[in-house]
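Biologist: Could you take me through one part of this model up close? I'm new to this, so please go step by step and show me how that part fits in with what surrounds it.

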There are 2 protein chains.
Amino acid sequence: MSIATNEHITVEKIKKSKLDQVDFDNLTFGKNFTDYMFECDYKDGKWQNPTIKPYGNLELSPATKVFHYGQAVFEGMKAYKDDQGEVFLFRPEDNFKRINISSKRMAIPEFPREFFFEALHTLVQLDKDWVQPGEGNSLYIRPFAMATEVGVSAAPSDEYKFMIIMAPAQAYYTGDVRVVIAEQFSRSADGGVGFAKAAGNYGAQFYPTNLAREKGFQQVIWTDAKEHKYLEEAGTMNVFFRIGDTLITAPTSDRILDGVTRKSVLKLAEHNGIKAEVRRIQVSELVEAAKNGTLKEIFGAGTAAVISPVSAFSYQETVYDIPKQEDSYAKRFKKELMDIQQNRADDPFGWRYPVA
Amino acid sequence: MSIATNEHITVEKIKKSKLDQVDFDNLTFGKNFTDYMFECDYKDGKWQNPTIKPYGNLELSPATKVFHYGQAVFEGMKAYKDDQGEVFLFRPEDNFKRINISSKRMAIPEFPREFFFEALHTLVQLDKDWVQPGEGNSLYIRPFAMATEVGVSAAPSDEYKFMIIMAPAQAYYTGDVRVVIAEQFSRSADGGVGFAKAAGNYGAQFYPTNLAREKGFQQVIWTDAKEHKYLEEAGTMNVFFRIGDTLITAPTSDRILDGVTRKSVLKLAEHNGIKAEVRRIQVSELVEAAKNGTLKEIFGAGTAAVISPVSAFSYQETVYDIPKQEDSYAKRFKKELMDIQQNRADDPFGWRYPVA
């Protein structure tokens, strides 16, 4: 695939790179940003002035709508460098489509394809030295759009800003993830915005997650808001259950995010001849499987950690430990995914996207 | 009640007021802000440096958490000036309590009472000339809190900003409000954040509201997400139904905002000997009442418009017009509320709060 030229985007060059100030062996996730960022404004009914400029602060009125009404969406993507120094994205077309699906639900104007891909190409080329090769290293890429009209009337903004910022990331070791099954709080409603990467979906989970943390658990597995009977997603990850040798995950819906890692895992399962069921799964089925020993694994799938094995879950004050698995699906999928992402394996599905 | 002195708040004076640049006869709601604003930062585990300063822009990193995770809450209040030039707030204690209820649900640290009230007193005193006397005129006050930590990991911020900005407002004439009863989209889930004035609750309503507007309706009356069977609230207003001579409104819950105007209307109804029922009300009951002629009024109650009479509602593709009422409850409550707010009537409930 050819590298895009700058047909639309203006580039303002940095004076001096910050690269030498970064300790790549001790990165905190999402805290250190690269030299450049992309910025594009929606005004007078169109997206205009796409610009790549030195990473820096924004000047915004305190009456900017995003502060008051949460009219904002985002994506999470990663770039990987192989041993030859070539840089790849992973299925960026899916992120592009999804941010526009999210935007539509949040009444934000859709972003043009040519700007999105040209911005990614140019940004990653300019900041290529920020992408470190090696196991688990990546450049985390955060496209986002937000309402920038000045005014506090509760109506859609008529101005927006679309930005892409990037932060180098190390292997994201989540440790043993222990989860709580939600019995009282909910993440999303039928007819709501749960399928969108809308900003407010994340802030709304912080308090219930804090309550879980106080009890020694790191994440919440959300259940349906109607009955808290069906397992849905973990808020920043989709969730897979392995009962016997069958993999089960909830179908996407207007409450559940259509995760890129989720669908990649399903594809790999098919490729590996692992039986996978996309169906509603009841909490009671999970508990039963934990009790009778057929529950072999739970793991999360998402861009940040790729695959996060879950070591225990709590439900109705009982903690169910999940024994370590010799032949772990989680481990296998993680290796296969990372081998494709980092260009150490064939790419039978065309997921790698050369970018710089 | 005594006017607070500045025990905690630092005041940075403006050089020159913008007051003479404002056309008070042609105000757009929430667009023109006063000379001063209040700002206070949460850092190192405490709210600090409460400051009143000239209204102006903020400088924020593009990685500021509020942009990405919608961790933000707000309040809406109004100040009124009477004919003697005295300025009053309306039940500010309720707004103070509610912003902390909202904050707790959004994992934002609660804001100290003394800072909140001292800020209101001092701000309104400094900007007293921005409060215009006269029917329907007010100063709209917008306290809000937002996550300001720099970083894109999906976890609660460890830094926040609490601000108060103020905008002069004229009588908010909503015209004939025509509403759509929600049949597909939802505003909030059981166990969610619907009861909080969380930023994302508002952005999430923009798209369904746009769809309603395209069909000639201005607002959506939300129904329960489970079955779309019960009438809840209008997103920026609570909703009252008058069937025969009985007033009905939905009980507050974790899906429905505990509106200050809503509870004031209930109090006034009691005071006026009007029968009011706080109970779940089915869409089918409303439709039946519209058909048999017992539905006399629908109106919204909220800070911005005080009372908004609804002239028609749409449900399952049928539009039900509500005939104009001679002895309108909406009109009566609006007059009584505004007379109390603007100090033209007795205040038997102690709702007025002298502030400057």
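Modeller: Here is a close look at one glutamine and the things around it.

Keep in mind that this is a predicted model. Our residue is B:Gln71, and you'll find it in the loop of chain B between helix H1 (65-69) and strand S5 (72-74). Is B:Gln71 buried or exposed? Its relative accessibility is 0%, and buried means under 20%, so B:Gln71 counts as buried.

What does B:Gln71 touch, if we skip its neighbours within four places in sequence? From its own chain the contacts include B:Val66, B:Met106, B:Ala107, B:Ile108, B:Ala145, B:Met146, B:Ala147, B:Pro156, B:Ser157 and B:Tyr160. Chain A joins in too, with A:Gly203 and A:Phe206. One of these partners has a polar link as well: a polar atom of the B:Gln71 side chain lies 3.2 Å from the backbone nitrogen of B:Ser157. As for somewhere B:Gln71 doesn't reach, try B:Asp23: the two are 48 residues apart in sequence, and their C-alpha atoms are 35 Å apart in space.

Now follow one of those contacts, B:Met146. Besides B:Gln71, and again leaving out neighbours within four places in sequence, B:Met146 is in contact with residues including B:Leu58, B:Leu60, B:Val66, B:Ala72 and B:Tyr160, plus A:Phe67 from the other chain. B:Met146 also belongs to the largest nonpolar core, which has 64 residues. Within that core, the residues that touch the most other members are A:Phe67, A:Met146, A:Ile165, B:Phe67, B:Met146 and B:Ile165.

You've now met residues from both chains, so let's turn to where the chains meet. The contact takes 62 residues from chain A and 62 residues from chain B. Between them the two chains bury about 5,100 Å², with 64% of it on carbon and sulfur atoms. On the chain A side, A:Pro62, A:Phe67 and A:Phe206 lose the most area to chain B, together 14% of what that side buries. Two of those names should ring a bell: A:Phe206 is in contact with B:Gln71, and A:Phe67 with B:Met146.

How are the two copies related? A turn of 180° and a shift of 0.0 Å along the axis lay chain A on chain B with an RMSD of 0.0 Å. That is the relation of a two-fold axis. The same surface serves both copies, with 100% of the contact residues of chain A recurring in chain B.

Another contact of B:Gln71 leads to a helix. B:Ala107 follows H2(B) and has a positive phi, near 60°. H2(B) itself has 14 residues and reaches 20 Å from its first C-alpha to its last, close to the 20 Å expected at 1.5 Å a residue. This helix is mostly covered, with ten of its 14 residues buried, among them B:Phe96, B:Arg98 and B:Ile99.

Just ahead of that helix, B:Arg91 is found in the loop between strand S7 (87-90) and helix H2 (92-105) of chain B. Most residues other than glycine have a negative phi. Here, though, phi of B:Arg91 is positive, near 50°. B:Arg91 counts as buried, at 16% relative accessibility. Over in chain A, A:Arg91 has a positive phi of about 50° and is buried with a relative accessible area of 16%.

Key: Residues numbered from 1 in each chain as written. Chains lettered and ligands numbered in written order. Predicted model: local features only at pLDDT ≥ 70, side-chain atom pairs only at ≥ 80, totals over all residues. Heavy atoms only, no water. Least-squares fit on C-alpha atoms with pLDDT ≥ 70 in both. Contact = heavy atoms within 4.5 Å. Core = buried A, V, L, I, M, F, W, Y, C linked by side-chain atoms within 4.5 Å. Buried < 20%, exposed > 50% of the residue type's maximum accessible area, 1.4 Å probe, protein only. Buried area = accessible area lost by both parts, 1.4 Å probe. Helix = DSSP H or I, 4+ residues; strand = E, 2+ residues; numbered from the N terminus. Polar contact = N/O pair within 3.5 Å; in protein donor to acceptor, adjacent residues only side chain to side chain. Expected span 1.5 Å × (residues − 1).
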